[in-house]
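Please find below some notes on the structure we are reviewing, set out as numbered points so that each can be checked against the coordinates.

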Amino acid sequence: MAHISDERIPNNVNLAEDKRLQRALEQWQPNFLQWWMEMGPAGFQAHQVYLRTAVSVDSDGWAHFDFVKMPEYRWGIFLADPVADRKIGFGDPLGQPAWQDVPGEHRNTLQRLIVTQGDTEPASVEQQRMLGHSCPSMYDLRNLFQVNVEEGRHLWAMVYLLQRFFGREGREEAEELLMRRSGHQDRPRILGAFNEPIDDWLSFYMFTMFTDRDGKYQLLALAESGFDPLSRTTRFMLTEEAHHMFVGETGIGRVVQRSAELSRKAKNSDARELGGIDLPTLQKYLNLWYSLSLDLFGSEVSTNAASFFAAGLKGRAKEEKFQDHLALEGTYAMELPRQDGALSPEEVPLRSAMNEVLRDGYVEDCQRGVDRWNKILAEAGISERLRLPSRRFHRHQGVFANLSFDPDGRVISREESERRRDEWLPSAADKRYVKSLQAKAIDKPGEMANWIAPPPRGINNKPLEFTYVRAEA
Ligand SMILES: [Fe+2]
Ligand SMILES: [Fe+2]
């Protein structure tokens with residue numbers, strides 16, 4: 001049943017046949033819309049935006065482009081097609097049929113995993129809600145809104161699971177997903193990176209490059225889940241997530257390209273002289289968002305991760321690539337801090353190292369993006385390079401939290417870490433500078449802010465000069 005129905009809530013889960021669920025979701029829908037009007041993109045709710053909307057989950061049918069006002073976007077519930085006779089691919093239940101319902105003994109854990117994932121989706125919309133007023137082009141403005149409406153849909157995806165499978169508690173959690181607020185003193189979002197402000201476009205691109213990519217790896221791990229509805233939901237979310245990372249990686253790529261062009265023209269080789277973003281500033285923003293995103297994977301050594309894996313709830317990204325799906329034997333070698341703060345090599349039982357295994361895939365994926373940025377620099381004749389800092393640098397979760405390391409991963413004193421902070425992370429002056437470049441929106445079709453290069457092509461074969469966002473009704 002691939003086609004999405006035309007009901008009030010578009011779906012491919014036969015919603016019409018489950019009246020109780022339909023009622024619950026229809027009760028939640030106005031609260032979602034109220035949240036969207038309050039916390040969604042500020043100042044653009046009445047605009048017509050050229051958006052991609054899912055009309056079916058087939059590989060060629062889910063990307064349908066048209067003008068739509070964001071509050072009228074067809075948010076709905078789409079699961080990837082079922083895999084016939086799917087078996088659980090890892091952990092103690094290896095080889096058993098995937099569960100179509102929640103096993104009682106895993107109820108609380110699964111609910112927690114789904115709520116934690118679900119909470120990130122509205123959080124990022126809240127973090128990005130003011131960015132429309134400082135966009136570097138209409139093309140970028142449209143991409144921002146595409147990301148925003150899809151994060152809204154990801155919230156729907158998680159709320160469907162909560163309401164369909166977790167009873168009254170699930171319905172309460174669904175309401176609470178609309179009550180927490182990113183960065184709020186008393187009721188913040190659950191995870192750290194989702195409470196950080198994203199109030200300039202450099203942060204937005206870094207977020208979509210690094211933090212959305214954490215999302216990709218979490219979704220890949222959940223796509224392996226023995227709980228089949230979660231697997232199918234996350235598999236479809238991954239198709240949307242790819243676009244978010246495209247926006248981030250190509251966004252930074254275009255800033256890098258422009259930075260290179262301007263620094264070659266500038267008398268002192270500093271892109272800032274001609275209104276660009278210099279590489280040292282880019283590196284600091286990279287250091288910040290990469291380290292915040294590494295935190296999202298949790299601790300290097302984790303009994304929670306071990307029990308998620310053991311129970312068949314959360315696997316490794318692309319579990320089929322691994323030989324041993326039980327992971328009961330074998331260890332993972334890591335350097336862990338000793339009592340005195342120095343690092344020493346340790347062998348961690350494999351199941352307890354599952355967060356680090358997932359993080360490894362993420363780090364490699366990030367590195368490929370950085371390599372592509374460095375290729376842009378090389379082709380422009382610039383000798384400097386961007387790089388990922390050590391995964392120990394600037395951490396707030398896991399075994400390296402509350403210890404001090406430089407970007408090379410060397411142990412340093414707290415005093416040195418504080419003294420040199422502005423060398424490694426965006427300073428107040430850096431943030432002021434980046435914001436000063438984005439004081440007003442560049443919103444004429446085809447125009448581009450001075451600090452970023454144009455993309456090589458427009459959206460869905462439309463020219464770059466296309467009016468992607470229209471003020472008129
Ligand atoms: Fe998402
Ligand atoms: Fe995303």
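1. The model is a predicted one, and it holds 1 cavity of 30 Å³ or more. About 90 Å³ of space lies in this largest cavity, and its lining is made up of Ala305, Phe308, Lys314, Gly315, Arg316, Met354, Asn355 and Leu358.

2. As to where that lining comes from, helix 8 (303-310) and helix 9 (354-379) are the elements that give two or more residues to it, and helix 9 supplies the largest share, with 3 residues. By character, the lining residues of the largest cavity divide into 4 nonpolar, 2 polar and 2 charged.

3. Turning to the strands, there is an open sheet of 3 strands in the order 2-1-5, with antiparallel pairing; strand 2 (64-69) and strand 5 (469-470) are its edge strands, each pairing on one side only. Strand 1 (residues 48-53) is joined to strand 2 by 6 bridges, and the two run antiparallel; within this pairing, Tyr50 has Phe67 of strand 2 as its bridge partner. Helix 3 (residues 138-165) packs on the sheet, where it touches strand 1, strand 2 and strand 5, and its direction makes about 50 degrees with that of strand 1.

4. A last point concerns Thr211, which is placed in helix 5 (residues 201-223). Is Thr211 buried or exposed? Thr211 counts as buried because its relative accessible area is 2%, where the cut-off for buried is under 20%. Leaving aside its neighbours within four places in sequence, Thr211 is in contact with Ala193, Phe194, Met206, Trp289, Ser293 and Leu296.

Note on methods. Residues numbered from 1 in each chain as written. Chains lettered and ligands numbered in written order. Predicted model: local features only at pLDDT ≥ 70, side-chain atom pairs only at ≥ 80, totals over all residues. Heavy atoms only, no water. Helix = DSSP H or I, 4+ residues; strand = E, 2+ residues; numbered from the N terminus. Buried < 20%, exposed > 50% of the residue type's maximum accessible area, 1.4 Å probe, protein only. Contact = heavy atoms within 4.5 Å. Pairing = 2+ DSSP bridges. Axes fitted to C-alpha atoms, helices over the stretch in contact; angles between N-to-C directions. 1 Å grid on protein atoms, 1.4 Å probe; cavity = no way out; pocket = protein on both sides within 12 Å on 5 of 7 lines; lining within 4 Å. Points joined across faces, edges and corners; volume = space filled by probe spheres on them. Nonpolar A, V, L, I, M, F, W, Y, C, P; charged D, E, K, R; others polar.
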